[in-house]
Amino acid sequence: MEDDVSYESLPVSTTLTAHMVAGATAGIMEHCVMYPIDSVKTRMQSLVPDPRATYRNMFHALSQIIREESVWHTVRGIDATAYGSGPAHAVYFACYEHLKKVLSRPNQSNHLAHGVAGCGATVVHDIVYNPFEVIKQRMQVFASPYKSWLDCVRVTLANEGFGAFYRSFSTQLVMNIPYQSLHFVVYEFCQDGLNRDRRYQPLSHILSGGAAGAVASAATTPFDVVKTLLNTQEKNAVPRGGEGQRGISGMKSAVRTVYRMRGLGGFFSGLPARVVYQIPSTAIAWGVYECFKHYILKHHQTGGGQSI
């Protein structure tokens with residue numbers, strides 16, 4: 001049992017760098033593998049879609065984007081996502097592991113501690129990742145005017161200032177704190193059932209991660225719709241939202257705009273695509289991260305307790 005506890009918490013000599021490398025690798029794979037579905041989700045959350053970008057469902061959307069535009073348009077902005085998700089997830093997982101160790105009692109699962117650790121890790125993650133999320137979504141929308149993610153950064157800074165990259169920060173936090181807290185609680189709950197001894201069992205990590213992503217993403221979809229509107233400043237929605245040329249600047253304004261234009265149903269636009277994106281993404285992320293943890297522990301045991 002001692003080896004199992006060591007696997008869950010990792011050796012004391014494990015360095016912060018090891019946690020960060022594991023987190024960065026998991027984050028990049030999580031965001032990039034299913035990126036085309038994320039692009040579909042962003043487009044389906046449009047409040048006033050262009051007639052050429054009106055989709056019946058996510059499968060129709062994906063096929064139409066490939067047929068009418070190109071395969072390339074399903075992955076526009078993926079480079080910005082990779083550059084941002086690496087460092088964001090590095091600090092995210094490092095912070096989560098540290099807080100979980102500080103808040104949990106030895107040899108005892110504590111769902112409250114997992115939730116609190118998830119909240120703390122989320123705040124740090126969003127500070128790093130929010131600008132890249134704005135860039136990504138502006139590249140994903142139909143008829144995006146930007147030639148590259150760097151062009152998007154330049155034009156956005158020139159026209160809207162640095163604040164545009166954090167316009168959705170409060171909404172992101174309101175969404176991600178319950179998302180990540182629920183995510184970690186569901187993950188650890190599933191692990192209690194599938195892998196109570198906390199051994200390295202890849203299938204249990206993948207199944208638990210997928211279940212956690214499905215539940216958390218479905219529950220927080222309304223916040224995601226609001227965040228997308230704030231990030232993209234959808235040109236056809238801004239005037240109708242009553243904000244004139246000033247844009248939609250806050251969560252309250254965005255909520256009013258979504259409700260006025262689409263009703264309550266508008267807050268669940270893109271829900272199937274969001275869930276389909278999150279299930280494999282979070283399964284991959286946890287599978288990769290737990291694989292790294294297993295490797296770190298193995299190295300620790302064979303290397304005589306040396307840090308990695």
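The following dialogue reads selected features of a predicted model of one protein chain.

Visitor: Which secondary-structure elements, helices or strands, make up the protein chain?

Guide: The chain has 13 helices and zero strands. Read along the sequence, its pattern is accordingly written with α alone, as α-α-α-α-α-α-α-α-α-α-α-α-α.

Visitor: What part of the protein chain counts as buried, and what do the contacts show about separation in sequence?

Guide: Of the 308 residues, 52% count as buried. Among contacts with a separation of 6 or more, 76% join residues 24 or more positions apart. The chain exposes about 13800 Å², and carbon and sulfur atoms supply 64% of that area.

Visitor: How should the packing of helix H5 and helix H6 be read from the angle of their axes?

Guide: An angle over 145 degrees counts as roughly antiparallel. H5 (residues 78-103) and H6 pack at about 170 degrees, with their axes 8 Å apart. The two helices are therefore roughly antiparallel to each other. Their crossing is right-handed. The residues of this contact divide into 19 nonpolar, nine polar and two charged.

Visitor: Where is Val 91 found, and what is Val 91 in contact with beyond its neighbours within four places in sequence?

Guide: Val 91 belongs to helix H5. With those neighbours left aside, Val 91 is in contact with Met 20, Val 124 and Val 128. Val 91 is partly exposed, at a relative accessible area of 23%. Between Val 91 and Thr 122, 31 residues apart in sequence, the C-alpha to C-alpha distance is 9.4 Å.

Visitor: At what angle do the axes of H6 and H8 cross?

Guide: The axes of H6 (residues 111-140) and H8 (residues 169-194) come within 8 Å and cross at roughly 140 degrees. That angle makes H6 oblique to H8. This crossing, too, is right-handed. In the contact of H6 with H8, the residues divide into nine nonpolar, ten polar and four charged.

Visitor: Which residues of H6 and H8 meet?

Guide: On the H6 side, the residues include His 111, His 114, Gly 115, Gly 118, Thr 122, Asp 126 and Glu 133. The H8 side includes Phe 169, Gln 172, Asn 176, Gln 180, Phe 184, Glu 188 and Asp 192. Thr 122, named above for its distance from Val 91, is thus listed among the H6 residues that meet H8.

Visitor: Turning to the backbone, what sign of phi does Arg 198 have, and where is Arg 198 found?

Guide: Most residues other than glycine have a negative phi. Arg 198 has a positive phi of about 60 degrees although it is not a glycine. Arg 198 is found in the loop between H8 and helix H9 (202-219). With a relative accessible area of 9%, Arg 198 is buried.

Visitor: What is the phi of Gln 233, and is Gln 233 buried or exposed?

Guide: Gln 233 is not a glycine, yet its phi is positive, at about 50 degrees. This residue lies in the loop between helix H10 (221-232) and helix H11 (237-240). Buried means under 20% relative accessible area. At 13% relative accessibility, Gln 233 counts as buried.

Visitor: Where does Ala 53 lie, and how far apart in space are Ala 53 and Arg 43?

Guide: Ala 53 lies in the loop between helix H3 (35-44) and helix H4 (58-69). Its relative accessible area is 6%, so Ala 53 is buried. Ala 53 and Arg 43 are ten residues apart in sequence and 7.8 Å apart in space, C-alpha to C-alpha.

Technical notes: Residues are numbered from 1 along each chain as its sequence is written. This is a predicted model: local features need pLDDT of at least 70, side-chain atom pairs count only at pLDDT 80 or more; totals for chains, interfaces and linings use all residues. Side-chain values use heavy atoms; hydrogens and water are left out. Helices (H or I, at least four residues) and strands (E, at least two) are DSSP runs, numbered from the N terminus. Buried means under 20% relative accessible area, exposed over 50%, partly exposed in between (1.4 Å probe, protein chains only). Contact means heavy atoms within 4.5 Å. Accessible areas come from the Shrake-Rupley method with a 1.4 Å probe; for residues, only the protein chains shown count as cover. Axes are lines fitted to C-alpha atoms, for helices over the stretch in contact, and angles run from 0 to 180 degrees between N-to-C directions. Angles under 35 degrees count as roughly parallel, over 145 as roughly antiparallel, 65 to 115 as roughly perpendicular and the rest as oblique. A crossing is left-handed if the near helix is turned anticlockwise from the far one by less than a right angle, and right-handed if clockwise. Ala, Val, Leu, Ile, Met, Phe, Trp, Tyr, Cys and Pro count as nonpolar, Asp, Glu, Lys and Arg as charged, and the others, Gly among them, as polar.
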